[in-house]
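Q: Please take a close look at one part of this structure and explain how its strands and helices are put together. Give the cut-off behind each term where it first comes up.

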2 protein chains.
Amino acid sequence: MGRMTSSSTRSPAASSGSSSAARPHIVIIGCGFGGLEATRALHRAEVDITVIDKTNHHLFQPLLYQVATAGLAAPSIAAPVRVLFRRYPNVTTLLGEVSSVDPAARKVQLKDGMQIGYDHLIVAAGATHSYFGRDDWAENAPGLKTLADAFDIRRRMLMSFEAAERETDPLRRRALLTFAVIGAGPTGVEMAGTMAEIAQHTLSGEFRRIDPGSAEVLLIEGGARVLQAMPEVLSQKALVQLQKLGVQVRLDSRVTGIDGTGLSIQVADGSSQRIDSHCIVWAAGVAASPLGRLLGEATGAAVDRAGRIKVEPDLSLAGHPEISVVGDLAAAMSHVPGKDPTPVPGVSPGAKQMGRTAAANILARLAGRATQPFRYRDYGNLATIGRNSAVVDLATPFGPLRMSGRIAWQFWLFAHVYFLIGFRNRLVVLMDWASAYWSFQRYARVVPNLKEPPRPQ
Amino acid sequence: MGRMTSSSTRSPAASSGSSSAARPHIVIIGCGFGGLEATRALHRAEVDITVIDKTNHHLFQPLLYQVATAGLAAPSIAAPVRVLFRRYPNVTTLLGEVSSVDPAARKVQLKDGMQIGYDHLIVAAGATHSYFGRDDWAENAPGLKTLADAFDIRRRMLMSFEAAERETDPLRRRALLTFAVIGAGPTGVEMAGTMAEIAQHTLSGEFRRIDPGSAEVLLIEGGARVLQAMPEVLSQKALVQLQKLGVQVRLDSRVTGIDGTGLSIQVADGSSQRIDSHCIVWAAGVAASPLGRLLGEATGAAVDRAGRIKVEPDLSLAGHPEISVVGDLAAAMSHVPGKDPTPVPGVSPGAKQMGRTAAANILARLAGRATQPFRYRDYGNLATIGRNSAVVDLATPFGPLRMSGRIAWQFWLFAHVYFLIGFRNRLVVLMDWASAYWSFQRYARVVPNLKEPPRPQ
């Protein structure tokens with residue numbers, strides 16, 4: 001099977017997505033939180049917009065771990081891009097992957113050769129996994145960024161239990177019942193907590209030769225505490241809640257190797273440990289999209305170690321005011337008058353706010369007004385851990401509000417349902433969670449892909 | 001990646017799934033409608049049961065076309081096998097594919113070498129696609145039997161519209177907007193009707209360069225009418241309803257070739273036609289699982305042209321009363337006292353009823369009683385065509401009851417929701433259908449697999 005790249009080359013004019021040549025053409029790369037908010041902020045303006053994404057859906061990434069752990073079906077957290085923009089007649093959607101940007105010619109090139117000219121460009125291409133130079137680890141320790149990743153992890157997790165049920169060798173059976181999550185940020189904590197819940201509750205009574213509750217879930221973290229973006233007191237609470245769920249948390253533990261049968265870690269005293277496991281999830285490293293480096297080379301903009309592009313206070317690039325970078329691809333600073341700039345964290349509210357600011361600044365430029373520096377409004381930080389437990393660190397006008405346990409979990413739940421797109425999805429997610437809460441069941445335990453064999457032992 | 005076959009070989013004793021040697025061990029191959037009903041009918045008996053399936057879920061196949069056409073998420077029509085049997089302590093579930101049966105040794109062998117002894121065997125391995133000897137057609141004309149098939153068709157259908165939006169060559173664009181369904185049985189009629197609905201309603205207003213409503217949906221049938229299992233008057237009604245939805249129905253048209261750019265058909269007058277299309281669905285031929293032929297060779301049982309095994313009136317095999325075959329794999333006859341035996345149609349009620357009869361006959365044999373011949377109770381036949389239209393042919397004690405149009409569609413809808421497994425799924429499917437009915441939207445329009453490139457043009 002070839003790729004879409006085999007299609008014919010097209011003239012830039014035919015591809016501009018704009019029928020009225022007089023209106024400025026804004027190209028937006030990526031339809032994550034940043035690109036989606038930018039499009040929404042621009043669709044009423046007298047501009048033509050082309051949104052390019054390499055998938056056909058906007059993904060609500062904060063709940064992706066629920067798809068990976070069979071709690072939600074993929075369509076509940078993914079909205080087709082075309083549906084989102086159907087009522088915006090000035091928005092054209094293109095499914096495609098950007099291979100390069102030519103700032104001199106003001107053109108974006110897709111992998112199949114298609115070229116799209118722009119007057120203004122918003123790059124919101126997001127982030128991918130980083131294995132810190134060890135890309136060979138990817139095969140045996142998938143990360144969690146896309147729906148395909150989530151299905152891969154779901155399959156590995158469920159198939160490990162299936163293979164364990166058939167395994168007679170006690171050591172191999174133990175390895176099949178050992179699950180390792182690397183990295184104790186929000187995703188890692190959520191994955192490990194949910195995996196423990198699945199082993200102890202969801203699968204209970206379903207197997208005849210193994211006890212799924214005897215499965216071990218390890219959460220391996222290089223730093224000294226879990227959820228390092230949180231205040232230390234909440235890290236402590238999260239640790240206790242994880243341990244109560246049965247998760248074995250290994251702090252100060254650095255991964256030194258991953259292969260088809262397990263992983264090696266170096267613990268605090270410098271000694272090495274080997275952990276046999278067939279289901280390893282990578283939640284440790286995030287790197288900006290490769291487009292960051294390409295754009296840095298093309299424009300001369302500085303790129304940081306994580307591959308993010310350093311942007312001007314108004315999110316544009318130095319020397320290229322017609323290009324803005326937002327979201328996880330931007331090494332952006334928050335500018336509060338009278339204070340030193342502070343770095344913007346790589347969270348979805350940050351991406352959304354940057355998308356809106358970049359859009360407003362483009363409209364300001366088009367109107368001949370001055371642009372505004374980006375100011376990040378921090379509403380706080382939250383992470384769920386599993387059944388009835390979460391930690392929440394809210395920034396309120398009266399100072400921080402910290403919660404943990406059941407009340408934090410309820411807050412987390414309603415905040416996520418609130419930010420989901422579409423009434424149908426909100427309702428179904430609420431229903432599925434209510435049903436999972438009372439029945440301990442997870443209804444999306446389906447491994448559809450017959451063609452892909454169960455993973456090797 | 002290896003297969004599960006790389007696991008260790010095990011002794012048959014360790015694999016029998018039975019802890020009490022005194023109880024008869026019944027092995028059931030396949031957890032479709034036949035295998036599921038047989039297991040349910042046996043789980044209260046003093047027997048040990050091992051159910052072997054090559055997927056981890058029981059699939060509600062009558063609604064599979066809804067997953068293919070993005071109307072439902074996969075988990076809504078698939079129930080994990082382990083969940084179905086969790087409360088049956090005498091049932092062991094194994095994920096695996098049967099490679100052979102040894103009737104002399106009374107053993108089933110899995111692809112990975114695992115052997116499972118049985119006292120009684122129920123083979124309910126179902127059916128697969130048949131390309132009438134042209135297996136090379138499969139690559140460009142997938143059939144619809146598994147969730148993987150449904151995702152494949154969903155991807156091809158949605159990606160054809162995406163590619164058409166980018167295509168500038170009018171002929172290629174026309175080919176990308178031509179959808180061909182081969183075979184006008186219930187699946188073909190449902191697929192074609194829904195595809196037309198998607199083109200005309202669901203995608204309306206979402207594209208900027210193409211009009212999805214200009215897409216052509218062709219339904220190609222070798223016979224003289226659609227839905228040949230239905231009375232002729234309902235075939236006529238279905239034809240009119242299909243045409244009203246915009247489906248081009250080509251009767252008396254035989255497919256003579258399928259390749260990466262389209263298909264060739266021979267029409268009634270003997271002349272040939274070429275249809276350029278990039279989304280072809282195969283709904284024409286069904287063949288029994290390859291296990292049929294293997295079992296025929298091993299037991300001497302006769303196998304018909306479709307690969308189905310001829311069974312005795314009580315669904316067992318001649319000379320092998322300990323082996324029963326049910327569902328699409330069985331060439332079974334219905335025995336009504338005082339009447340000539342009639343063939344059982346390949347529909348889900350037939351499979352379910354055979355599963356129950358085979359189970360009852362095993363229990364009769366174990367108790368030393370005589371077995372009963374299988375009697376198929378025909379409750380009728382129904383097929384949906386699209387929005388507000390269906391045909392229903394009910395067998396009632398007072399004679400046939402025939403419906404078409406909106407009332408038939410409502411009957412079809414509630415019948416399918418009724419037979420779905422699980423309260424959650426019934427509720428969500430009803431909700432999704434209600435939402436689709438009023439909004440014309442289909443919420444599962446997500447193509448998750450980034451790794452698989454869009455199909456070639």
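The answer below starts with one sheet and works outwards from there.

A: This is a predicted model, in which local features need pLDDT of at least 70 and side-chain atom pairs count only at pLDDT 80 or more, while totals for chains, interfaces and linings use all residues. Residues are numbered from 1 along each chain as its sequence is written, and chains are lettered from A and ligands numbered from 1 in the order in which they are written.

The part chosen is an open sheet of chain B, made of 4 strands in the order β13-β12-β11-β17, with parallel pairing. Strands (E, at least two residues) and helices (H or I, at least four) are DSSP runs numbered from the N terminus, and two strands count as paired if DSSP finds at least two bridges between them. The edge positions belong to β13 (247–250) and β17 (279–282) of chain B; each has a single partner strand, so one side of each is left without a neighbour in the sheet. From one strand to the next, the twist averages 20 degrees. Angles of this kind run from 0 to 180 degrees between N-to-C directions, with axes fitted as lines to C-alpha atoms, for helices over the stretch in contact.

Within this sheet, β11 (residues 178–182) and β12 (residues 216–220) of chain B run parallel and are joined by 5 bridges. B:I182 is placed opposite B:I220 of β12(B). Helix α6 (residues 186–202) of chain B lies across β11, β12, β13 and β17 of that chain, at about 170 degrees to β12(B).

B:I182 also belongs to a wider group. The largest nonpolar core has 288 residues, and those with the most contacts inside it are A:V123, A:I182, A:L242, B:V123, B:I182 and B:L242. Such a core is a set of buried Ala, Val, Leu, Ile, Met, Phe, Trp, Tyr and Cys residues joined through C-beta atoms within 7 Å. Buried means that 20 or more other C-beta atoms lie within 10 Å of the residue's own; with 12 or fewer it is exposed, in between it is partly exposed, and C-beta atoms are placed from the backbone. Outside its neighbours within four places in sequence, B:L242 has contacts that include B:V189, B:L219, B:V247 and B:I385. A contact requires C-beta atoms, placed from the backbone, within 7 Å.

Just ahead of β11(B) in the sequence comes helix α5 (residues 170–176) of chain B, which holds B:A175. B:A175 counts as buried because it has 21 C-beta neighbours inside 10 Å. Beyond four places in sequence, B:A175 is in contact with B:T261, B:G262, B:D276, B:S277 and B:H278. B:H201 lies 26 residues from B:A175 in sequence and 20 Å from it in space, C-alpha to C-alpha.

B:G262 is also part of a strand pair. β14 (residues 254–259) and β15 (residues 262–266) of chain B run antiparallel and are joined by 5 bridges, with B:V255 opposite B:I265 in β15(B). The two strands form a hairpin, joined through 2 residues.

B:I385, a contact of B:L242, falls in β25 (residues 380–386) of chain B, which pairs with β26 (residues 389–396) in the antiparallel sense over 6 bridges. B:L382 has B:V392 as its bridge partner in β26(B). Their hairpin has 2 residues between the strands, and B:N388 takes a positive phi near 65 degrees there. β26(B) also pairs in the antiparallel sense with β27 (residues 399–404) of chain B, over 6 bridges, and B:D393 stands opposite B:R402. That hairpin too passes through 2 residues.

A further open sheet of chain B has 6 strands in the order β5-β2-β1-β9-β21-β20, and its pairing is mixed. Here β5 (91–95) and β20 (316–317) stand at the edges with a single partner strand each, so one side of each is left without a neighbour in the sheet. Strand β9 (residues 120–123) pairs with β21 (residues 320–325) in the parallel sense over 3 bridges, and B:I122 is opposite B:S324. Helix α9 (residues 348–366) of chain B lies across β1 (25–29), β9, β20 and β21, at about 165 degrees to β21(B).

Key
Two residues are in contact if their C-beta atoms, placed from the backbone, lie within 7 Å.
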